[in-house]
Amino acid sequence: MIKRDVFEYALVRVVPRMERGECFNAGVIVYCRAHSYVAARTHLDEAKLLALDPRADVAGVRAALRGVEGVCGGGAAAGQAAGDDAGRRFRWLIAPRSTVVQPGPVHTGLTADPAAEVERLLELLVR
């Protein structure tokens, strides 16, 4: 029997105009405590972004999504979170915020391979 561990994930959403409340998925963050693993994968659908807000700052949204991936990766790219463990970086990223790029609710599941889970969820829920 393959050992499966609990993991948590949250979608990364883009909300181009807060006052309208419209959003779309642009990434996923996966955390698995048993593996001390946290990672994010993002994919920006520029056409969707511009359909919701023709004046959107595409470069700014891309930079924010890269920032999410950087915090997950740790090290210098994580900025102030560089010294934090995987769990603290995940909790920091899923904290509610009123920005164009924001986390969705946290969900759980079981996985034998957290890295494969990130890719699976990206394909299933984002692309």
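**View 1. The lining of the largest pocket in this predicted model**. Start with the residues around the pocket: Val12, Ile29, Ala64, Gly67, Val68, Val71, Trp92, Leu93, Arg97, Val101, Gln102 and Pro103 form its lining. Three elements each give two or more residues to this lining, namely α2 (58–73), α3 (86–94) and β4 (101–111). Which element gives the largest share? That is α2, with four residues. Sorted by class, the lining holds nine nonpolar, two polar and one charged residues. The space inside the largest pocket comes to about 150 Å³.

**View 2. Where helices α2 and α3 meet**. Here you can follow two helices whose axes come within 9 Å and cross at roughly 160°. That crossing makes α2 roughly antiparallel to α3. Which residues make the contact? From α2 come Val68, Val71, Cys72 and Gly73, and they meet Arg89, Trp92 and Leu93 of α3. By class, this contact has five nonpolar, one polar and one charged residues. Some names will be familiar from the first view: Val68, Val71, Trp92 and Leu93 also line the largest pocket.

**View 3. The open sheet of four strands**. Reading across the sheet, the order is β3-β2-β1-β4, and the pairing is antiparallel. Why does one side of β3 (37–42), and likewise of β4, have no neighbour in the sheet? Both stand at the edges with a single partner strand each, so one side of each is left free of a neighbour there. From one strand to the next, the twist averages 20°.

**View 4. The hairpin of β2 and β3**. Now move in on two strands that run antiparallel: β2 (residues 24–32) is joined to β3 by six bridges. Two of the residue pairs are easy to pick out. Valine 28 has arginine 41 in β3 as its bridge partner, while isoleucine 29 has alanine 40. As a general guide, side chains in a regular strand alternate between the two faces of the sheet. Isoleucine 29 is also one of the residues lining the largest pocket. Four residues lie between the strands of the hairpin, and in the turn serine 36 has a positive phi of about 50°.

**View 5. Helices against the sheet**. Finally, bring helices and strands together. Helix α2 packs on the sheet and touches β1 (5–14), β2, β3 and β4. Its direction makes about 160° with that of β3. Helix α3 lies across β1, β2, β3 and β4 too, running at about 155° to β2.

Notes: Residues numbered from 1 in each chain as written. Predicted model: local features only at pLDDT ≥ 70, side-chain atom pairs only at ≥ 80, totals over all residues. Heavy atoms only, no water. 1 Å grid on protein atoms, 1.4 Å probe; cavity = no way out; pocket = protein on both sides within 12 Å on 5 of 7 lines; lining within 4 Å. Points joined across faces, edges and corners; volume = space filled by probe spheres on them. Nonpolar A, V, L, I, M, F, W, Y, C, P; charged D, E, K, R; others polar. Axes fitted to C-alpha atoms, helices over the stretch in contact; angles between N-to-C directions. Parallel < 35°, antiparallel > 145°, perpendicular 65-115°, else oblique. Contact = heavy atoms within 4.5 Å. Pairing = 2+ DSSP bridges.
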